[in-house]
Each structure stands twice: as structure tokens, then as C-alpha cells.
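This report describes selected side-chain pairs, one helix contact and two backbone positions. The structure is shown first, and the text follows it.

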Amino acid sequence: MNVVLIGFMGVGKTSVGKKCAERLKWSLFDTDTLIEEACSMTVPEIFAQHGEAWFREMEKTIVERVTKRQECVIATGGGVVLDRENVDRLRQNGLLIHLTMSPEVIFHRIGRHSERPLLQTENPRLTLESLFRSRERLYRACSDVTIDRTRLSVEETVEKVIETVRSYGIIEDPRGQLAREK
Ligand code: S3P
């Protein structure tokens, strides 16, 4: 099994994913980073030079590649759920954990940063809010669990992810192990 983090841009999938991978002693795959490495370009450069459709094709290729792995944490780009085949592949051997935050907090975290090409509009706040509304529906529909981390630190979120992974029996509960050792 894999642990797949999905959710809107800026909710911390990469930072939570890194720490979860450390805790689980699994590898971390970040789809945006893999795309950037494969293209030797940043995500904004890819959008600017090739457009969104091209980026989505690359994203699909990368998803196909990483989902062949086992015991890894996959931090996805916010738009990965737009493609049904991506979702099917990720679900095949992965627990899909949806990280969310209130759109206000997300805006404070990323609203003015230039590395999100989809927010390069006249009114990034409005763009974010309308994108958030349509995307949240998709994340909720395809995820196994939603973790609202509006008030949770990275560490607290990691704790919740690990608890969830345990509750699905993907990793062993150390209390069970202790009980058997007694
Ligand atoms: C996108 C989210 C970004 C990145 C690209 C498109 C999206 O990833 O893949 O800018 O469509 O929501 P993050 O979710 O890591 O910001």
C-alpha cells in the first residue's frame, strides 16, 4: 500500500508528506518535483512555455510511474484529481488522504506567491475561492479520509495521518505489538 496526499494547493501536502515518509521509513514521491526534474523546468515555467494541458500529460505519466511503487508516500499536485485515470491508479494501491484548510488560510499562505500559475489572475482571491469550491468536491469524493488542518501544525497533521494509516491496518499498531510481547 501507499499513502497518497491529495488536496488544494498550499495545504502542505509536501511538508506533511516528507515528515510522514520519515516516520514510516518509506520513500517520498512528490509529483510536482518529479515533473520538474523530468522537464528540467519549474512548474510555472512549464505552464508558461507549454501550457496547462501539457503539464497535465506529464503529471499523468508521473502518476503512472509512481503508482507502480509500494510503501511510499505520494504528495500530489492539487490538480491530480481532475483526471479519472490518475484517481483510479492512485486508489488501486493507495490510501487517499485529503488534506484541507479554510480558503482564507490558504490564501494567506499562497495567495501572493508567484509559483502557483493558476492564481496568476487579476483577482487571485476570487480565483482561489471558486477553484476551492469546485475542487473540494472532487477531493472529498475520491478520498478515504479528510483531515482539516486549518488549526493543525505540520507535526499534528502528521500524527493524524499516521493514526489513520494505522487504523486502516496498513502499518502495525505498536500497542498491539507490545501486547503480544507481554
Ligand atoms: C496545481 C497545483 C500545483 C501544481 C500546479 C497545478 C493545481 O501543486 O501541480 O501549479 O491544479 O491545483 P500544489 O498543489 O503542490 O500547489
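## Salt bridges, a helix crossing and two loop residues

In this predicted model, Glu-159 is partly exposed, with a relative accessible area of 36%. Its side chain meets that of Arg-23 in a salt bridge, with an N to O distance of 2.9 Å. The two residues belong to distant parts of the chain: Glu-159 sits in helix H8 (residues 154–167) and Arg-23 in helix H1 (residues 13–24), 136 residues apart. Arg-23 is also partly exposed, at 40% relative accessible area. Both values fall between the 20% limit for buried and the 50% limit for exposed.

The whole structure holds twelve salt bridges. Two others among them lie in helix H4 and involve Arg-56. Arg-56 pairs with Glu-52, the closest N and O atoms being 2.9 Å apart. These two residues are both in helix H4 (residues 52–66), four residues apart, which is about one turn of the helix. Arg-56 also pairs with Glu-59, and here the closest N and O atoms are 3.0 Å apart. Because Arg-56 and Glu-59 are three residues apart in helix H4, about one helical turn separates them. Through shared partners, the salt bridges join Glu-52, Arg-56 and Glu-59 into one network.

The members of this network differ in exposure class. Glu-52 counts as partly exposed at 32% relative accessibility, whereas Arg-56 is buried at 17%. Glu-59 is buried as well, with a relative accessible area of 1%. Since buried means under 20% relative accessible area, Arg-56 with its 17% falls in that class.

The three salt bridges described here are set out below.

| Pair | Closest N to O distance | Location |
|---|---|---|
| Glu-159 and Arg-23 | 2.9 Å | helix H8 and helix H1 |
| Glu-52 and Arg-56 | 2.9 Å | helix H4 |
| Arg-56 and Glu-59 | 3.0 Å | helix H4 |

### Helices H6 and H7

How do the axes of helix H6 and helix H7 cross? The axes of helix H6 (residues 103–110) and helix H7 (residues 124–142) come within 10 Å and cross at roughly 135 degrees. An angle over 145 degrees would count as roughly antiparallel, and 65 to 115 degrees as roughly perpendicular; H6 and H7 are therefore oblique to each other. The crossing of H6 past H7 is right-handed. On the H6 side, the contact is made by Pro-103, Glu-104, Ile-106, Phe-107 and Ile-110, and on the H7 side by Pro-124, Arg-125, Leu-128 and Phe-132. Sorted by class, the contact has seven nonpolar residues, two charged residues and no polar ones.

### Positive phi values

Which loop holds Lys-25? Lys-25 is in the loop between H1 and strand E2 (27–30). Its phi is positive, about 60 degrees, although Lys-25 is not a glycine. At 73% relative accessibility, Lys-25 counts as exposed, because the limit for that class is over 50%.

Glu-71 is another residue other than glycine with a positive phi, in this case near 50 degrees. Glu-71 is placed in the loop between H4 and strand E3 (72–75). With a relative accessible area of 49%, Glu-71 is partly exposed.

Methods: Residues are numbered from 1 along each chain as its sequence is written. This is a predicted model: local features need pLDDT of at least 70, side-chain atom pairs count only at pLDDT 80 or more; totals for chains, interfaces and linings use all residues. Side-chain values use heavy atoms; hydrogens and water are left out. A salt bridge is a side-chain nitrogen of Lys or Arg within 4 Å of a carboxyl oxygen of Asp or Glu. Buried means under 20% relative accessible area, exposed over 50%, partly exposed in between (1.4 Å probe, protein chains only). Axes are lines fitted to C-alpha atoms, for helices over the stretch in contact, and angles run from 0 to 180 degrees between N-to-C directions. Angles under 35 degrees count as roughly parallel, over 145 as roughly antiparallel, 65 to 115 as roughly perpendicular and the rest as oblique. A crossing is left-handed if the near helix is turned anticlockwise from the far one by less than a right angle, and right-handed if clockwise. Contact means heavy atoms within 4.5 Å. Ala, Val, Leu, Ile, Met, Phe, Trp, Tyr, Cys and Pro count as nonpolar, Asp, Glu, Lys and Arg as charged, and the others, Gly among them, as polar.
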